[in-house]
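Me: I'd like to learn how to read helices, their packing and the odd loop residue in a model. Could you walk me through one?

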Amino acid sequence: MSALRPYIGITDFMNFAQVEAMEAVFAGSKQEGSGRQLHVGVMMSYKTLNDIETKWSKAFPHREQVVEIFRSLDSYNCLHYADYDHSDDFYQHLALAMCFGGNRLSAVQLDMIWPTPRQIFRAAQVAAMQPEIILQVGKNAIEVCDNDPRKVVERLGCYEGIIHRVLLDKSMGKGLGMDAKGLLPYARAIRDAFPELGIGAAGGLGPDTMDLVQPLIEEFPDLSIDAQGRLRPSGNALDPIDWGMASTYLMNALKMLK
């Protein structure tokens, strides 16, 4: 079992007032003795980092706003950096993204398809920061490995000592329902090979869908989770989060993850 503190995540915060509201819900619903932390997720992409117009420009906070969102010392402040077409010198952009996270940045989640390990290491060096690194292992990354847990583990071996957590996420922010039983072989293989790595899962989690993750929780009680697309009535990540739905999700998640 990993020694890292597991989290319950919400991704797509846009301002600090939203963080304060969710921290109040989390503190009010968290059971005594729970080691879980609130994951405050903020999205950034290569294009929004570099002020290139994209459909996500209004859905993601401006790069200058990120440090303001990450003001809290009580939460796990995670910058989700998306660059699925990353180049060989992406470390320069990743380092800049880290810097925009500020000195209260807890982690960076790499929403990429098997980025070069050396580039991740160089980014942290250039930024002179040491946040935790979460590697998203999404649908495309798994397909590159022929949907074989053994090949995923073999690929993860290249990141040993560089990443701290793995997020299994076939939905990748689109709100698609999680197939927890289908993810179990990957979680088992990762835990057996790298017991120190934190394991997380995402995919279609929301106020009424926490049952989706139950098979994983039963076997991995220290599993971290994250929610995004299903925190809107539309299910569309381009729309703002409904914070009433987010509150209910947090309360239901804390009940399940005792």
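Reply: Below we go through helix length, burial, helix packing and a few loop residues. Keep in mind that this is a predicted model.

Me: Let's start with length. What span should the twelve residues of helix H4 (residues 90–101) have, and how far apart are its end C-alpha atoms?

Reply: The idea is to count the rise per residue and compare it with the end-to-end distance. At 1.5 Å a residue, H4 should span 16 Å, and its end C-alpha atoms lie 17 Å apart, so the two agree. You can repeat this on helix H1 (residues 16–29). H1 has 14 residues and reaches 20 Å from first to last C-alpha, close to the 20 Å expected.

Me: How many residues of H4 are buried?

Reply: Here the cut-off is under 20% relative accessible area. Nine of the twelve residues in H4 fall in that class, so by that cut-off H4 is mostly covered. They are Phe 90, Tyr 91, His 93, Leu 94, Ala 95, Ala 97, Met 98, Phe 100 and Gly 101. Just past H4 comes Gly 102, with a positive phi near 85°.

Me: Which residues of H1 are buried, and what covers them?

Reply: A general point helps here. An α-helix has 3.6 residues a turn, so residues three or four places apart point the same way. In H1 the buried residues are Phe 16, Gln 18, Val 19, Met 22, Glu 23, Val 25 and Phe 26. Their cover includes strand S1 (7–11), strand S2 (37–45), helix H3 (66–69) and H10.

Me: Good, H10 is on that list. At what angle do H1 and H10 pack?

Reply: For a helix pair, look at the angle, the axis distance, the handedness and then the residues. H1 and helix H10 (residues 243–256) pack at about 30°, with axes 9 Å apart. Angles under 35 degrees count as roughly parallel, and H1 and H10 are therefore roughly parallel to each other. The crossing is right-handed. From H1 the contact takes Gln 18, Met 22, Val 25, Phe 26 and Ser 29, and from H10 it takes Trp 243, Ala 246, Ser 247, Leu 250, Met 251 and Leu 254. Sorted by class, that contact holds eight nonpolar, three polar and no charged residues.

Me: Are H4 and H5 roughly parallel or oblique to each other?

Reply: Same recipe. The H4 and H5 axes come within 8 Å and cross at roughly 45°, and the two helices are therefore oblique. H4 passes H5 in a right-handed crossing. On the H4 side you'll find Phe 90, Tyr 91, Leu 94, Ala 95, Met 98 and Cys 99, meeting Gln 119, Ile 120, Arg 122, Ala 123, Ala 124, Val 126 and Ala 127 of H5. The split is eleven nonpolar, one polar and one charged.

Me: And what is the class make-up of the contact of H7 with H8?

Reply: Geometry before chemistry! The axes of H7 and helix H8 (residues 180–193) come within 9 Å and cross at roughly 40°. That makes H7 oblique to H8, and the crossing is right-handed. H7 brings Pro 149, Val 152, Val 153 and Leu 156, while H8 brings Pro 185, Tyr 186, Ala 189, Ile 190 and Ala 193. So to your question: nine nonpolar, no polar and no charged residues, going by the residue classes.

Me: Now the loops. Which residues have a positive phi although they are not glycine?

Reply: Scan the backbone torsions, then place each hit between its flanking elements. Ala 128 has a positive phi of about 55° without being a glycine, and it sits in the loop between helix H5 (117–127) and strand S5 (132–138). Asp 146 is another non-glycine case, at about 60°, in the loop between helix H6 (139–144) and helix H7 (149–156).

Me: Is Ala 128 buried or exposed?

Reply: Exposed, with a relative accessible area of 69%. Loop residues can also be covered in this model: Asp 148, between H6 and H7, is buried at 14%.

Me: What does Ile 162 touch?

Reply: Ile 162 lies in the loop between H7 and strand S6 (165–169) and counts as buried at 18% relative accessibility. Leaving out residues up to four places away in sequence, Ile 162 touches Pro 117, Ile 120, Phe 121 and Ile 133.

Key
Residues are numbered from 1 along each chain as its sequence is written. This is a predicted model: local features need pLDDT of at least 70, side-chain atom pairs count only at pLDDT 80 or more; totals for chains, interfaces and linings use all residues. Side-chain values use heavy atoms; hydrogens and water are left out. Helices (H or I, at least four residues) and strands (E, at least two) are DSSP runs, numbered from the N terminus. The expected span of a helix is 1.5 Å times one less than its number of residues. Buried means under 20% relative accessible area, exposed over 50%, partly exposed in between (1.4 Å probe, protein chains only). Axes are lines fitted to C-alpha atoms, for helices over the stretch in contact, and angles run from 0 to 180 degrees between N-to-C directions. Angles under 35 degrees count as roughly parallel, over 145 as roughly antiparallel, 65 to 115 as roughly perpendicular and the rest as oblique. A crossing is left-handed if the near helix is turned anticlockwise from the far one by less than a right angle, and right-handed if clockwise. Contact means heavy atoms within 4.5 Å.
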